[in-house]
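Hi,

Here is the structure I promised to send over. Have a look at it first, and then read on for my notes.

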Amino acid sequence: MTTLGIDLRRWETWGTILVVAVMVVLLFAGPHIFDLFTLFKVTLFVAMSILALSMGFIWGYGGILCFGQSAFYGLGAYTYAIAVGNIGESTAPFLLAIVVPAAFAALLGYFMFYGRLSDVYLAVVTLAVTLILYNFMRSTAGEEYAIGAQRLMGFNGISSIQPINWPGDGNALLFPDDIFHLSMGCLILCYIGLKVLNRSHFGRVAVAIRENELRAELLGYDVRLHKLQTFTIGGAMAGLAGCLGVNFNSFVNPDVFALNFAAEIIMWTLIGGLGTLVGPMIGCIGLLMLKFEIGQQQITNTYLIFGGIIMVFVLAVPAGLLPTARQLAERFVPALRGDESGDVPREAAR
Amino acid sequence: MTDAGSAVPILETHGLTMRFGGVVAVDNVDFSMAEGELRCLIGPNGAGKSTFFKCLTHQYKASAGRVRFRGADITGSHTYQIARRGIGIKTQVPSVFDGLSVHENIWVAARRHHGRREANRIVDGILERLRLDHLARRVVGQLAHGERQRVELGTVLTGEPELILLDEPTAGMTHEEVNQTTDLIREINKTTSLIVVEHDMQFIKAIAERVTVFHQGAILIEDTMANLERNQQVRDIYLGKQHAA
């Protein structure tokens, strides 16, 4: 009998290797093939891809529909901005930008999961928390709203945020090339980390809980704790994305907590394909590129186009891009089906 | 395994009650069974058998009463804590991980108790024991009802629980599968206590030592199957008073 590890279809393992290889090539070749403006843009895409990965993980694998993943991104961004404004050196702020959103996710998750909130209410609560943060941050323009030396600046946002520096030396700021390398390195680590996690006992149980919470509990798994851990990991990753994202233009404002941005993250995941890791990244990069293009043309409203796209996907490609591409490939290339019955476990291969 | 005379009951309930608004689904049930016993619960639909199981495993928080497992009060324990204490349940409607393969379903269950290597060994054994090995790579959501029942039973058995609650284990099974399940339950009972809810009287007769009859949420009577078949009260609630008259 095979074990779970061997259950993986070989071609999908190669797919994972291919994805990592492409990212590694981009890591080293990026600064040489992109001009400076494009490099800035790609760095933002990479940071946002980490955010997309976090959403793909907690929703696609953990079954937790968080409508407020942007809240953790925003917390990461603001934490970095405030901490680096006070400390003047980015090592501790970089770490705090991961720890603070993770702690906030753990606290919020504790009340939601131990309070046994159902999926719909969980989505509503996470969205409500995001909008509370949005409104709060917009109202912090007064001088009294400051943490240490750093004012929060309300709806104007915090600008001229000090970029990340080499660890321990506040004067050795990273150049755009270095920030790209750092962001890409973080993305690769997050992707590989999630792949390993998803194939571990923890990851298998997360998927099992997504499939049937009651059965998982009847087998002796503490579903509340497991979901809390999944949610916290997602929060930490989103915080990391926020920290890297804020280095794109050294600026953060309350729009990171806005409804538009919260909805965009859901759209990335739906369009790319729920239950995959690469899918949300593809959705993220695709929509961000489109957003940039529409923004440059100034012809129509971006969200009008996004609304149309999501309607088309929900109706015509409900599984999302990547799962649909896989289904088509399996239909036309029998060798990809794995065994003759075509009934190969899907979960282990994602 | 017939050790019904054992001094410490493996499971006891005292005054267990479950109310849904004005409806009393389980009504002041005092139940006790010895270690190693195979107890069958019978009763018409709506008698409260499945609700009783859900109270035992804390899927429902009982309105009143206590539950003791091996003498320890587990009334307030969470479902996962009760499972970890050694009570497994196969539910009436198969509760499985539909999107996972048969192998993965049982592996996730086995991994809860064992390391990776040992879990793999146990899964192979369970698949063979339940004649699921040819279906190991199939996604459970695509299987027939009877096969899903066996998968669920497999997930329960991996934990080697001390007490297993089986809610209609033969529902949707073919005659041959029922015979196989009968043998399997006898085999399981050599090492494990069992409570079985069933409507199939032939199956009950084949496995039962002692039978508890539920009626309108309460225990009506406890006796051997042979005596219950002759009991007019039991015949009345199963077949209706018209028949009795």
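At what angle do helix α4 and helix α6 of chain A pack, and how far apart are their axes? The angle is about 35°, and the axes lie 8 Å apart. Before going further, please keep in mind that this is a predicted model.

On the α4(A) side, which covers residues 69–87, the contact uses Ser70(A), Ala71(A) and Gly74(A). They meet Val129(A), Thr130(A) and Leu133(A) of α6(A), a helix that spans residues 119–138. By class, the contact of α4(A) with α6(A) has three nonpolar and three polar residues, and no charged ones.

Another helix pair in chain A is worth a look. Helix α8 (residues 201–211) of chain A packs against helix α10 (residues 223–249) of chain A at about 115°, with 10 Å between the axes. That angle makes α8(A) roughly perpendicular to α10(A). The crossing of α8(A) past α10(A) is left-handed. Val205(A), Ala206(A) and Ile209(A) are what α8(A) brings to the contact, while α10(A) brings Val223(A), His226(A), Lys227(A) and Thr230(A). The residues of this contact of α8(A) with α10(A) split into four nonpolar, two polar and one charged.

Now to the interface, where α8(A) turns up again. 25 residues of chain A are in contact with 31 residues of chain B. On the side of chain A that touches chain B, α1 (4–7), α8 and α9 (213–218) of chain A each supply at least two residues. Which of them gives the most? α8(A) does, with five residues. By class, that side of chain A has eleven nonpolar, four polar and ten charged residues.

Over in chain B, I would begin with the sheets. One is an open sheet of four strands, in the order β2-β1-β4-β5 (chain B), with antiparallel pairing. Its edge strands are β2 (23–34) and β5 (72–73) of chain B, each of which pairs on one side only. Strand β1 (residues 9–20) of chain B runs antiparallel to β2(B), and eight bridges join the two. If you want a spot to zoom in on, Arg19(B) stands opposite Val24(B) in β2(B). Helix α1(B) packs on this sheet, where it touches β1, β2 and β4 (64–69) of chain B, and its direction makes about 70° with that of β2(B).

There is also an open sheet of six strands in chain B, ordered β6-β7-β8-β3-β9-β10, and here the pairing is mixed. The edges are β6 (87–90) and β10 (218–223) of chain B, each pairing on one side only. Neighbouring strands of this sheet are turned by 20° against each other on average, direction ignored. At one end, strand β9 (residues 210–215) of chain B pairs with β10(B) in the antiparallel sense over five bridges. Val211(B) stands opposite Asp223(B) in β10(B). α1(B) packs on this sheet too, touching β3 (38–42), β6, β7, β8 (193–197) and β9 of chain B, and its direction makes about 145° with that of β7(B). Another helix, α5(B), lies across β6 and β7 of chain B and runs at about 175° to β6(B).

So is α1(B) enclosed or open to its surroundings? Eight of the eight residues of this helix (residues 49–56) are buried, so α1(B) is largely enclosed by the rest of the structure. Among those buried residues are Lys49(B) and Lys54(B), along with Phe52(B), Phe53(B) and Leu56(B). The helix is followed by His58(B), which has a positive phi near 60°.

Two more backbone details, both in loops of chain B. Arg70(B), in the loop between β4 and β5 of chain B, has a phi near 55°, a positive value in a residue other than glycine. With 16 C-beta neighbours inside 10 Å, Arg70(B) counts as partly exposed. Glu160(B) sits in the loop between α5 (145–158) and β7 (163–167) of chain B, and its phi, near 45°, is positive in a residue other than glycine. Glu160(B) is partly exposed, with 15 other C-beta atoms within 10 Å.

Cheers

Note on methods:
Residues numbered from 1 in each chain as written. Chains lettered and ligands numbered in written order. Predicted model: local features only at pLDDT ≥ 70, side-chain atom pairs only at ≥ 80, totals over all residues. Axes fitted to C-alpha atoms, helices over the stretch in contact; angles between N-to-C directions. Parallel < 35°, antiparallel > 145°, perpendicular 65-115°, else oblique. Left-handed = near helix turned anticlockwise from the far one by under 90°. Contact = placed C-beta atoms within 7 Å. Nonpolar A, V, L, I, M, F, W, Y, C, P; charged D, E, K, R; others polar. Buried ≥ 20, exposed ≤ 12 C-beta atoms within 10 Å, placed from the backbone. Pairing = 2+ DSSP bridges.
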